[in-house]
Amino acid sequence: MTEVRRILSIDGGGIKGVFPAAFLATLEDAIGDHVANYFDLIVGTSTGGIIALGLGLGLSATEILGFYQKYGPEIFRQWTLLSKLRHMVFAKYSDVALREALEGTFGDLRLGDSNRRLVIPSLNLDTGEAYLYKTAHHPRLERDYKESAVTVALATSAAPTYFPTHQANGGLAFVDGGLWANNPTAVAVIEAVATLGWEPKALQVLSLGCSSAPVAVGWERWLPLGQLYWASKAASLFMAGQSSSSLGIARLFVGDENLTRISPAMQLGRFTMDGVGGMEVLRGLGEVEARRELPKLRQVFLAEAASEFIPCAPLSMKIA
């Protein structure tokens, strides 16, 4: 009988990561154990990448939720009219507060310290190519696991216009993986099938969004409008299209019945990537959704712990 493998995928969304963090923390409270112990592969982009790293490195979801509550207001510090004008030319926020928060949370831990298989999307700005940070869960994955967790977190979350690009060792510039895989569900499934060789129909996938909202295009859709109009819609249209495509690809591999997607629909503009004022509502929303979904999730994902992850290249063997 083919072994069932369970995958957790977490979207990007800035401070809206409070929702999946609270969702997972509620599950942990119900089962009395770290939720990461029940997944064979965890994939996360941007804020979802930070959550994935935290889970893999042994933090509880409650501790990760605490990360957002403690550091979120400082990372997304509310700003003055002068800084709003500055944002027209420069990144909206410095990455200093984010870096300090990550260093205070992850310390000197490396990607290879993860006790779960991880995949964290980013984008190489110099080449324009997608980049995936991966634990050493395959013999050919010989380098990424040596990277510091802070470096990986900064590389996946350097959202253009919000944060500066992340300058990695060697001078390469990386930006937010959300530019191509904000919803990384398809990335997760392809990694499971193509790299790990897992049977597609034996996969169970839990895909967590950070809430969703309809794309605001009304009567004006019939007009031949130009850059000024469409520039304001481009990001939301891209996110919606990319997420739909990612879920569609994943369902083709695993089957609709093996993919559970949770991302509650909200009123347009209710939450934003840097809207720290909505954190408590997002936390409450995560708790409510987790309670609603718990009976199904307990049966499909939380019935027994996943097998131990033994990396192909442990840090203790490779780094003096």
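This report describes selected helices and residues of a protein structure. The model is a predicted one.

**Overall make-up**

The protein contains 12 helices and 8 strands. It has 320 residues, and 52% of them are buried. Among contacts with a separation of 6 or more, 78% join residues that are 24 or more positions apart.

**Helix α2**

Helix α2 covers residues 47–56. The helix is mostly covered, with 10 of its 10 residues buried. These residues are Thr-47, Gly-48, Gly-49, Ile-50, Ile-51, Ala-52, Leu-53, Gly-54, Leu-55 and Gly-56. Just after α2 comes Gly-58, which has a positive phi of about 100 degrees.

Two residues of α2 can be followed further. Thr-47 lies in this helix and counts as buried, because its relative accessibility is 5%. Its side chain forms a polar contact with the side chain of Tyr-68, at 2.4 Å. Setting aside residues up to four places away in sequence, Thr-47 touches Asp-11, Gly-12, Gly-13, Gly-14, Gly-17, Tyr-68 and Cys-210.

Gly-49 is also placed in α2. Its relative accessible area is 0%, so Gly-49 is buried. Apart from neighbours within four places in sequence, Gly-49 is in contact with Gly-44, Ile-120 and Thr-156. Between Gly-49 and Asp-176 there are 10.0 Å from C-alpha to C-alpha, and the two residues are 127 residues apart in sequence.

**Helix α3 and its two partners**

Helix α3 runs over residues 61–75 and packs with helix α5, residues 96–106. It also packs with helix α11, residues 279–300. The table sets out the two pairs.

| Helix pair | Angle | Distance between axes |
|---|---|---|
| α3 and α5 | about 160 degrees | 9 Å |
| α3 and α11 | about 170 degrees | 11 Å |

An angle over 145 degrees counts as roughly antiparallel. α3 and α5 are therefore roughly antiparallel to each other. The crossing of α3 past α5 is right-handed. On the α3 side, the residues that meet α5 are Phe-67, Tyr-71, Glu-74 and Ile-75, and they face Ala-97, Leu-98, Ala-101, Leu-102 and Thr-105 in α5. Sorted by class, this contact has 7 nonpolar, 1 polar and 1 charged residues.

The second pair is α3 with α11, whose axes are 11 Å apart at an angle of about 170 degrees. That angle makes α3 roughly antiparallel to α11. From α3, the contact is made by Leu-65, Tyr-68, Gln-69 and Pro-73, and from α11 by Met-279, Glu-280 and Arg-283. By class, the contact of α3 with α11 has 4 nonpolar, 1 polar and 2 charged residues.

Tyr-68 appears in the contact with α11, and its side chain is also the partner of the Thr-47 side chain in a polar contact.

Gln-69 belongs to α3. With a relative accessibility of 35%, Gln-69 counts as partly exposed. Not counting residues up to four places away in sequence, Gln-69 touches Met-279, Glu-280 and Arg-283. The C-alpha atoms of Gln-69 and Glu-280 are separated by 8.8 Å, although the two residues lie 211 residues apart along the chain.

**Helix α8 and its link to helix α10**

Helix α8 covers residues 185–195, and 8 of its 11 residues are buried, so this helix is largely enclosed by the rest of the structure. The buried residues are Thr-185, Ala-186, Val-187, Ala-188, Val-189, Glu-191, Ala-192 and Thr-195. Just after α8, Gly-197 has a positive phi of about 70 degrees.

Ser-246 sits in helix α10, residues 234–254. What does the side chain of Ser-246 reach? Its partner is the backbone nitrogen of Ala-186, at 2.9 Å. Ala-186 is one of the buried residues of α8. Ser-246 itself counts as buried, because its relative accessibility is 3%. Leaving out residues up to four places away in sequence, Ser-246 touches Asn-183, Pro-184, Thr-185 and Ala-186.

Note on methods:
Residues are numbered from 1 along each chain as its sequence is written. This is a predicted model: local features need pLDDT of at least 70, side-chain atom pairs count only at pLDDT 80 or more; totals for chains, interfaces and linings use all residues. Side-chain values use heavy atoms; hydrogens and water are left out. Axes are lines fitted to C-alpha atoms, for helices over the stretch in contact, and angles run from 0 to 180 degrees between N-to-C directions. Helices (H or I, at least four residues) and strands (E, at least two) are DSSP runs, numbered from the N terminus. Angles under 35 degrees count as roughly parallel, over 145 as roughly antiparallel, 65 to 115 as roughly perpendicular and the rest as oblique. A crossing is left-handed if the near helix is turned anticlockwise from the far one by less than a right angle, and right-handed if clockwise. Contact means heavy atoms within 4.5 Å. Ala, Val, Leu, Ile, Met, Phe, Trp, Tyr, Cys and Pro count as nonpolar, Asp, Glu, Lys and Arg as charged, and the others, Gly among them, as polar. Buried means under 20% relative accessible area, exposed over 50%, partly exposed in between (1.4 Å probe, protein chains only). A polar contact is a pair of N or O atoms within 3.5 Å; within protein, one must be able to donate a hydrogen and the other to accept it, and residues adjacent in sequence count only if both atoms are side-chain atoms.
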